[in-house]
Amino acid sequence: SEEITGKLTADTAKLLGLTTDCVVVGGAGDCAAGAVGNGIVKSGLLNTSLGTSGVVFAYSDQPQLDPEGRLHTFCHAVRDKWHMMGVTLCAGGSLQWFHDKVCVVDKGKEIYDQLTKEAAAVPAGTEGLQFLPYLTGERTPHLDPHARGAFVGLTLSHTRGHLTRAILEGVTYSLRESYAIMSDLGVPVKQIRASGGGAKNPFWRQMQADVFGKPVFSMVADEGAAYGVALLAAVGAGEYKDITEACAATIKTADESKPNPAARKVYDRAFPIYQSLYRSLKDEFKKLS
């Protein structure tokens, strides 16, 4: 990924205001590049990314395969290394759907910060309400295009804050499913680094720490994939001997969210229920679709 594949052509150099001495390197796919941008280039580190989709990405020295095919194993952007990855198709997309299609927008007053504030006023576990984030089918762990979104457990006592919190918790549970598979396969995780739009929200970052039961760190540089390929280019240009050295020199963690023991207990009880809902509704999802 850091290997020089050529130099800028004269036309491209002129367009960009650069010179033909500027080298071009191989680069990487979006998830691998984003992982490099968060320093996931050595054992024990895991990255969660919350954008429209959600990604759980772990470094591996050797290829580790999920025999059930729920996780993806690919070559990493780090030379001769590997990574495992799980994907939730509609992570931040679920919250965006709720904001755009369900909530009433009145001259810009209805914003994500207000929804998050209302969700934060609701206790962990959302008083029995759960959300399945399968608005576009699901990838990990179900590989099911027929899966559909659902609120389960609604009562008259639930408010918009409950609905918002259920969405955030459901998405985070879906990430935990990928993390749980990795743990079962023996992938070591000593530190979780969060990125993407969801990671910028302290409330959702804290929820990740509580659901995973591990500290979650935000990053000083949050450019993600763009930052990762810039580091690969720096290695190719000779600024660093390899990408591990480049990450060690440039990437720093910022805020740490530590698990709240009380919330963690609630989520540990609720997570198996979340998992059981898909199994209960799988056949009905197929009929509905």
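This passage describes the sheet of the predicted model, the strands at and beside its β11 edge, and helix α2. The structure is a predicted model in which local features need pLDDT of at least 70 and side-chain atom pairs count only at pLDDT 80 or more, while totals for chains, interfaces and linings use all residues. Residues are numbered from 1 along each chain as its sequence is written, and side-chain values use heavy atoms, with hydrogens and water left out.

An open sheet of seven strands is found in the order β5-β6-β4-β3-β9-β10-β11, with mixed pairing; helices (H or I, at least four residues) and strands (E, at least two) are DSSP runs numbered from the N terminus, and two strands are taken to pair if DSSP finds at least two bridges between them. The edges are formed by β5 (72-75) and β11, each of which has a single partner strand, so one side of each is left without a neighbour in the sheet. From one strand to the next the twist averages 30°, where axes are lines fitted to C-alpha atoms, for helices over the stretch in contact, and angles run from 0 to 180 degrees between N-to-C directions. At the β5 edge, four bridges join β5 to β6 (residues 82-88) in the antiparallel sense, and Thr73 stands opposite Met84 in β6. Helix α5 (residues 160-184) packs on the sheet, where it touches β3, β4, β6 and β9, and its direction makes about 20° with that of β4; contact means heavy atoms within 4.5 Å.

Strand β10 (residues 216-219) has Val216 and Ser218 pointing one way and Phe217 and Met219 the other way, and all are buried, that is, under 20% relative accessible area, with exposed set at over 50% and partly exposed in between (1.4 Å probe, protein chains only). On one side, β10 pairs with β9 (residues 189-195) in the parallel sense over two bridges, and Arg193 stands opposite Phe217. With β11 (residues 253-257), β10 runs antiparallel over three bridges, and here Phe217 stands opposite Glu256.

Helix α2 (residues 30-37) has six of its eight residues buried, so it is largely enclosed by the rest of the structure. The buried residues are Ala32, Ala33, Gly34, Ala35, Val36 and Gly37, and their cover includes β3 (44-50), β4 (54-60), α7 (225-236) and α8 (243-250). Just after α2, Gly39 takes a positive phi of about 75°.
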